[in-house]
Amino acid sequence: TAKFAGKNTYSFFTPAMYDQSQKRLKIVSELRRALTRQEITLVYQPIVNAFSKEVIGAEALVRWNNEVLGSVSPLDFIPLAEELGLIVEMSDFIIAQAVAQCAQWSMYRADFLMAINVSPRQLRDNRLKRSLISAIESNNIHCHQIMLEVTEGVLVDNVDAALSFLQELTEQGFQLAIDDFGTGYSSLSYLKTFPFHRLKIDRSFIHDALLSHEDETLVRIMADLGHQFGMTVVAEGIENRGQEQLVEKLGIEAYQGNYFSPPLSPGDFQSLIEKSKDNGVILI
Ligand code: C2E
Ligand code: MG
Ligand code: MG
Ligand code: MG
């Protein structure tokens with residue numbers, strides 16, 4: 001990387017790059033303090049049974065709201081947190097919060113499912129398993145209520161290591177989902193190698209499915225593929241009634257998306273399930 005050059009040396013470090021690195025330094029220093037300043041929170045998107053429209057669980061999605069930077073996407077700060085070695089602490093926090101929340105919502109539905117996203121770095125040591133087990137024990141819920149979501153990118157890095165960690169987790173009883181299926185480095189061999197319980201079809205395919213016959217075919221094939229491998233299929237990013245009908249038509253078991261509900265604060269999620277319970281429409 002470029003450094004500030006001495007008097008007689010050339011530098012390719014331009015003012016624009018200086019701005020960039022200043023911005024990065026700012027983000028880095030803010031991110032280091034984000035947890036202790038309680039800027040990291042979780043929101044929860046309902047996961048819905050496509051047939052009964054019951055809320056069967058939620059996906060925990062992390063948020064970072066910073067005074068200076070505003071709202072930063074997890075797609076930006078998770079990789080940075082990994083790079084800075086902050087991910088371990090952050091994921092312990094995410095696990096503790098999400099598992100406690102799962103326990104609370106298990107009052108409405110005994111097998112309430114909580115989906116937690118897992119990033120590449122977290123698969124490299126045993127801490128993930130220890131954190132999960134200690135969280136489920138102290139909250140008195142079952143392992144099978146927790147579903148760990150991994151993307152295909154997580155798997156390609158180090159197949160053997162990822163496989164042994166994920167096998168240990170499924171042997172323990174945790175559920176496993178392949179997230180954003182169909183994007184990235186799809187290799188069908190992952191489906192036979194890894195012990196996935198659920199396949200989540202990426203929302204990009206759902207988005208185009210009503211627009212093109214080819215995309216609808218892709219969604220159908222992915223759903224069949226999941227079913228043939230004994231998995232439950234979840235569709236992501238359902239935004240309208242048409243997409244919901246497609247999901248029903250293809251026999252996809254569950255979905256998430258802004259059509260039913262965007263990710264919600266814990267309080268709003270709680271209100272949603274309480275309201276549904278009163279109406280007798282959703283849940284139990
Ligand atoms: P993902 O796991 O595939 O999460 C789904 C993303 O789609 C979420 O974006 C969600 O807000 C968004 N979404 C849900 N319904 C709709 C819809 O109907 N339309 C559209 N356009 N989008 C919808 P979000 O929350 O920004 O998260 C982005 C990604 O960041 C996640 O993708 C996941 O890979 C990662 N991520 C989020 N939370 C965590 C976390 O706690 N840990 C880790 N390691 N990664 C996380
Ligand atoms: Mg996910
Ligand atoms: Mg996804
Ligand atoms: Mg995604």
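## Helix 9

Let's start with the outward-looking residues of helix 9: His213, Glu214 and Gln228 are exposed, on the other side from its buried ones. Keep in mind that this is a predicted model.

The buried residues of helix 9 are Asp215, Glu216, Val219, Met222, Ala223 and Gly226. They cover an arc of only 125° around the axis, so they sit on the same side of helix 9. What do they pack against? Their partners are strand 6 (175-181), strand 7 (198-201), helix 8 (203-209), strand 8 (232-235) and helix 10 (241-249).

The length of helix 9 works out too: with 16 residues (213-228) at 1.5 Å a residue, it should span 22 Å, and its end C-alpha atoms are indeed 22 Å apart. Just after helix 9 comes glycine 230, with a positive phi of about 75°.

## The magnesium ion called ligand 2

Now for the metals. The magnesium ion (ligand 2) has four protein donors, namely Glu59 (OE), Asn117 (OD1), Glu149 (OE) and Asp179 (OD), at 2.0 to 2.3 Å from the ion. Along the chain, these donors follow the spacing E-x57-N-x31-E-x29-D. Distant parts of the chain are linked here: glutamate 59 belongs to strand 2 (residues 55-66) and asparagine 117 to strand 4 (residues 113-117), 58 residues apart.

Are these two buried or partly exposed? Glutamate 59 has a relative accessible area of 6%, so it counts as buried. Asparagine 117, with 30%, is partly exposed.

## The magnesium ion called ligand 3

For the magnesium ion (ligand 3), the protein donors are Asp179 (OD), Asp180 (OD) and Glu236 (OE), lying 1.7 to 2.2 Å away. Their spacing along the chain reads D-D-x55-E.

Which residue bridges the magnesium ions ligand 3 and ligand 2? That's aspartate 179, and the ions lie 3.7 Å apart. Aspartate 179 counts as buried because its relative accessibility is 5%. Aspartate 180 comes in at 24%, so it counts as partly exposed.

## Around ligand 1

How many residues surround ligand 1? There are 23, and the closest are Arg63, Asp180, Arg203, Glu239 and Asn258.

A few polar contacts are worth finding in the structure. The side chain of arginine 63 has an N or O atom 2.8 Å from an oxygen atom of ligand 1. For aspartate 180, a polar side-chain atom is 2.9 Å from an oxygen of ligand 1; this aspartate is also a donor of the magnesium ion (ligand 3). Glutamate 236, another donor of that ion, has a side-chain N or O atom 3.3 Å from an oxygen of ligand 1.

How values were computed: Residues are numbered from 1 along each chain as its sequence is written. Chains are lettered from A and ligands numbered from 1 in the order in which they are written. This is a predicted model: local features need pLDDT of at least 70, side-chain atom pairs count only at pLDDT 80 or more; totals for chains, interfaces and linings use all residues. Side-chain values use heavy atoms; hydrogens and water are left out. Helices (H or I, at least four residues) and strands (E, at least two) are DSSP runs, numbered from the N terminus. The expected span of a helix is 1.5 Å times one less than its number of residues. Buried means under 20% relative accessible area, exposed over 50%, partly exposed in between (1.4 Å probe, protein chains only). The arc is that of the directions from the helix axis to the C-beta atoms. Contact means heavy atoms within 4.5 Å. Donors are N, O and S atoms within 2.8 Å of the metal (3.2 Å for Na, K and Ca); water is not among the atoms, so sites may look incomplete. A residue is near a molecule or strand if one of its heavy atoms lies within 4 Å of it. A polar contact is a pair of N or O atoms within 3.5 Å; within protein, one must be able to donate a hydrogen and the other to accept it, and residues adjacent in sequence count only if both atoms are side-chain atoms.
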